[in-house]
2 protein chains.
Amino acid sequence: MRKFNGEADAALRRGIRIYHLNIGQPDIITPEAYYQALKNFSQPVLSYAPSAGVPELIDAVRSYYGGIGTALAREDILVTTGGSEALQMTMAALLDDGDEIIIPEPFYPNYHTSVTLAGAKIHPLTTCPEEGYRYAFRERVEACINEHTRAIMITNPGNPTGAVLSPEELKLMLDIARENRLFIICDEVYREFVYGGEPLMSALQFQGYEENVIVIDSVSKRFSACGARIGLLISRNKAFMHQAMKWCQCRLCASTVDQLASAALYSVGSDYFASVREEYKRRRDTLMAKLKTIPGLICEEPKGAFYVMAALPVDDADTFQHWLLNEFNDHGDTVMFACGEPFYATPGKGKNEVRMAYVLKQEDLERAMDVLAAAIKKYNETH
Amino acid sequence: MRKFNGEADAALRRGIRIYHLNIGQPDIITPEAYYQALKNFSQPVLSYAPSAGVPELIDAVRSYYGGIGTALAREDILVTTGGSEALQMTMAALLDDGDEIIIPEPFYPNYHTSVTLAGAKIHPLTTCPEEGYRYAFRERVEACINEHTRAIMITNPGNPTGAVLSPEELKLMLDIARENRLFIICDEVYREFVYGGEPLMSALQFQGYEENVIVIDSVSKRFSACGARIGLLISRNKAFMHQAMKWCQCRLCASTVDQLASAALYSVGSDYFASVREEYKRRRDTLMAKLKTIPGLICEEPKGAFYVMAALPVDDADTFQHWLLNEFNDHGDTVMFACGEPFYATPGKGKNEVRMAYVLKQEDLERAMDVLAAAIKKYNETH
């Protein structure tokens, strides 16, 4: 997703303004609790933290899950360097050469890197906007299972689709995993961002799936603290956690200061989540209203997270992005999005699709959509 | 190295005081510049840093190497989450299933984990205390090279041995790597800790080895900032750096705040390094004086880093450590060290050896050695 950064830098040097819809970097102010914790940090020696994480953060996370009726033991939680590391260590622990993991596509492209590094491969469960990117259909999931399958991975709410599982759909996915003795890895880093008023359940809230469920969580999006690089790996499967702990010990620990400051972030109340959710909902509505006016563009309203996947009326999103950065501007403005192909494991899929993150404020989003509409028109006139 | 932590916690709960010689956690006060940078951090949104690292830190590192006459371009440096991550990404980038990497043993045990995760194996170049753990002998190194060899890895100054390469020895290792078209990975995280007045050269200071040399560096030991988790991967080999950058992009970035605060650490002057070096030298001398009085213990004076490897007059260091934590105390005191076996790749080696980190203040080191001497005596009377 960062491959156009060089061209973007060059465009900036030419004085072009770029509206960044390409990465999920929220512009929401990080809660003051983080900065206050930095100021208060006074251990004279900045020493290694425990490999599993500092107790202050682990207890803050337990308290957060306690708030949704989920009791976690300290040993059910490992603090990681971002959700990214939780993902890496999960794949390294679960997958061997030749193994398969079922992931609904489109999916977050770094899943692909982590699975590949572990020597395994993604068995994609293809979804489409016409069905709201839904994938929790027993027969379709079971059709992906074979003797190489080790796990199912889901993102709820979905990145890049914004699809949200109903409690019944989530339970179905858990049931299929348990019946087939598979791990089910649930990336729930966007769990506070749901816009329809639907109850969003964590996989940790269901009883009887303790051996199967692995949850990946993070402070990055929840508290607009992406730079803290603090994630969480949560599971009640002791054998798995034992394996994951080996990785933790190998890299010694996550950042001491970021862990303590992240523990402080958990002190913000539910009104914080409500106001952030409200802000993102407004942005989503702004974005969708504009997208609907672009002729030939196909997309589905996201129910959660802060991304929308769209099929553009262009031949190739990569070529279009290149052109946007090098040959186009509208009164000095252009846009960046994440090109669709890396979100798919099926070859050829996603060629004209893009993911847009609605992490900019309203007026910027509106302007970005106007620039996009103008660009699509001009691109198709000249190509 | 952290496997006895559970037994140690239990001992603490029984009121036992443990002298920790087991991990390289210095007790030296972290420079104030780090804390000041935390206090000054005021970006309203704690956003992702660039995947390669923040320019402030990269430039601080360039300036540090400039101070030893080594010009580095920005693109020669990647900021990592601790030296540990630099190690992980190097192994993942260089090694495939069945590949071999030559590493003098005893070595830092996490090398083993990183190499194994990459599917490769360590070809050990065995050293011994009688020869001061030296390994830079052309015929011995060349005897380890075969068609599977991809790289040589050295630690200079050595962990756990404290051995320091002379400029001639280092050049010989670089020559062997270049002649055989191998990478040479130089872990130089202890480079400021040399006690003999010998000039310690970085592999980066030699001309003509640009395609071969990879340096792993870190702020952890240099500035007593282990909890910052900021390391560095440095190489002028563009193809390698391109591969390493893929890993960097996959995990998005290292901690934003820790990077900025680490950049500030580089503002400490050479007098800081001189005073820390003096303190460690005194500790080494204290430790060596005491070790020499323990009958049957074999060790070599370390020339750098802050570890000493010693063969104890006991049957098995693991059994002895277990006994020290569970059955022994001297007026309520006991000791922990790192058991020797994980420092070796050759099966059976290191069984009665231990690594001790001299990271405690003088009086604690003296007391720890007296406790060790009493323990060895009692253990051998009862076993």
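Student: Which residues of α8(A) are buried?

Tutor: This is a predicted model in which local features need pLDDT of at least 70, side-chain atom pairs count only at pLDDT 80 or more, and totals for chains, interfaces and linings use all residues. Residues are numbered from 1 along each chain as its sequence is written, while chains are lettered from A and ligands numbered from 1 in the order in which they are written. A residue is buried if 20 or more other C-beta atoms, placed from the backbone, lie within 10 Å of its own, exposed if 12 or fewer, and partly exposed in between. In α8(A), with helices (H or I, at least four residues) and strands (E, at least two) taken as DSSP runs numbered from the N terminus, the buried residues are A:M241, A:A244, A:W247, A:C248 and A:C250.

Student: Which elements of chain B do the buried residues of α8(A) pack against?

Tutor: Two residues are in contact if their C-beta atoms, placed from the backbone, lie within 7 Å. Within chain A, the buried residues of α8(A) pack against β2 (77–80), α4 and β8 (231–235). In chain B, their partners are α4 (82–94) and α5 (110–117).

Student: How many residues does chain A bring to its contact with chain B?

Tutor: Helices α2 (32–40), α4 (82–94), α5 (110–117), α8 (238–250) and α9 (256–265) of chain A each supply at least two residues of the side that touches chain B. Of the interface residues of chain A, 100% are also interface residues in chain B, so the copies meet through the same surface. Chain B gives 42 residues to the contact, and chain A gives 42 residues.

Student: Which C-alpha of chain A is nearest the axis?

Tutor: Superposition is by least squares on the C-alpha atoms of residues with pLDDT of at least 70 in both copies, and chain A falls on chain B by a rotation of 180° with 0.0 Å of shift along the axis (RMSD 0.0 Å). The two copies are thus related as by a two-fold rotation axis. At 2.3 Å from this axis, the nearest C-alpha in chain A is that of A:K39.

Student: Which strands stand at the edges of the sheet in chain A?

Tutor: Strands pair if DSSP finds at least two bridges between them. Seven strands form an open, mixed sheet in the order β2-β8-β7-β6-β5-β3-β4. Each edge strand has a single partner, so one side of it is left without a neighbour in the sheet; these strands are β2 and β4 (121–126).

Student: What is the bridge partner of A:I103 in β4(A)?

Tutor: Strand β3 (residues 100–105) of chain A pairs with β4(A) in the parallel sense over six bridges. In β4(A), the residue bridged to A:I103 is A:P124.
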